[in-house]
Amino acid sequence: MNTLTRSDLKSEPKQLAAATPSQFLSFMLGQDMFAIGILAVREILEYAGVTPVPQMPPCISGVINLRGTAVPVLDLARRLEREPSPIGKRTCIIVVEVESDDGPFVIGILVDAVNAVLDIPPADIEPAPSFGAQVRAEMLQGIGKVQGRFVLLLNVQHVVSASEIAALAAGGALPQES
């Protein structure tokens, strides 16, 4: 399994320490470009399969072995209520670390292809729309404008929220924010 780590994401590791919230890892789901804040990304793995786990919600593909630790893998397309693409040679798992009520939480996010690290100035980021978006507004951190194209900036903390995934597993309705 080929792996990229945080230090590989930039050509000079010292630049990562100076990273600002305006740096995002961009990736594709179908024909749409999404991005997540670079500081949440631990590494990028070439897709080499997952081990299914019974009785998980459809958005959880299974688990992977990451240096001896079982890490759950979230199928982002299913999580965003989209039709998943077939697994291809560019399919990747982005391993992220987010804070939860129980401390740091590591999870893999299955995407169609990873693109690049983008520097998006705060002036080029619009707030998430309150309606009409392809994903629920609370899942978006904002919408970035890059070279005339919109990039949906995901709120990774909300996307991988353990409480929402547990609600999906229980078959309950997701909590709605007002």
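# A walk from strand 2 outwards

Of the 178 residues in the protein chain, 43% are buried, where buried means under 20% relative accessible area, exposed means over 50%, and partly exposed covers what is in between (1.4 Å probe, protein chains only). Keep in mind that this is a predicted model: local features need pLDDT of at least 70, side-chain atom pairs count only at pLDDT 80 or more, and totals for chains, interfaces and linings use all residues. Residues are numbered from 1 along each chain as its sequence is written, and side-chain values use heavy atoms, with hydrogens and water left out.

Let's start with the overall tally. The protein chain has 5 helices and 12 strands; these are DSSP runs numbered from the N terminus, helices being H or I with at least four residues and strands being E with at least two. The accessible surface of the chain is about 9700 Å², and carbon and sulfur atoms hold 53% of that; the areas come from the Shrake-Rupley method with a 1.4 Å probe, and for residues only the protein chains shown count as cover. Among contacts (heavy atoms within 4.5 Å), take those with a separation of 6 or more: 55% of them link residues 24 or more positions apart.

Now for the sheet. An open sheet is built from 6 strands in the order 9-2-3-12-11-10, with mixed pairing; two strands pair if DSSP finds at least two bridges between them. Strand 9 and strand 10 (125-126) are the edges, each pairing on one side only.

Strand 2 (residues 23-29) is a good place to settle in. On one side, strand 2 pairs with strand 9 (residues 113-119) in the antiparallel sense over 5 bridges, and Met-28 has Ala-113 as its bridge partner there. Strand 2 also runs antiparallel to strand 3 (residues 32-37), joined by 6 bridges. Along that seam, Leu-25 stands opposite Ile-36, and Leu-29 has Asp-32 as its bridge partner. Strands 2 and 3 make a hairpin with 2 residues between them, and Gly-30 in the turn has a positive phi of about 60°.

How do the side chains of strand 2 sort themselves? In a regular strand the side chains alternate between the two faces of the sheet. Here Gln-23, Leu-25, Phe-27 and Leu-29 point one way, while Phe-24, Ser-26 and Met-28 point the other way, and all are buried. That matches the count for strand 2, with 7 of its 7 residues buried.

Phe-27 is worth a second look. A search of the whole structure turns up 1 aromatic pair, and its members are Phe-27 and Phe-34, stacked at 6.1 Å centre to centre with 15° between the planes. The cut-offs are these: rings of Phe, Tyr and Trp (its six-membered ring) pair if their centres lie within 6.5 Å, and planes under 30 degrees apart count as stacked, over 60 as edge-to-face and the rest as tilted. Phe-27 counts as buried because its relative accessible area is 1%, and Phe-34 counts as buried because its value is 0%.

From Phe-27 we can step to Leu-76. Leaving aside its neighbours within four places in sequence, Leu-76 is in contact with Phe-27, Leu-29, Ile-109, Leu-110, Val-111, Leu-154 and Val-159. Leu-76 and Ile-94 touch the most other members of the largest nonpolar core, which has 31 residues. Strand 7 (residues 92-100) gives the most to this core, with 4 residues. A second, separate core of 10 residues has Ile-120, Val-146, Val-151 and Leu-153 among its members. A nonpolar core here is a set of buried Ala, Val, Leu, Ile, Met, Phe, Trp, Tyr and Cys residues joined through side-chain atoms within 4.5 Å.

What about disulfides? The count is 0, taking a disulfide as a pair of cysteine sulfur atoms within 2.5 Å. Cys-59 is buried at 4% relative accessible area, and Cys-92 is buried at 13%.

Finally, a few loops. Glu-83 sits in the loop between helix 3 (76-79) and strand 7 and is exposed, at 72% relative accessible area. Glu-83 and the hairpin's Gly-30 are 53 residues apart in sequence but 8.8 Å apart in space, C-alpha to C-alpha. Arg-67, in the loop between strand 5 (60-66) and strand 6 (69-75), has a positive phi near 50° without being a glycine, and is exposed at 60%. Gln-147, in the loop between strand 11 (140-146) and strand 12 (149-154), also has a positive phi, near 50°, and its 82% relative accessible area makes it exposed.
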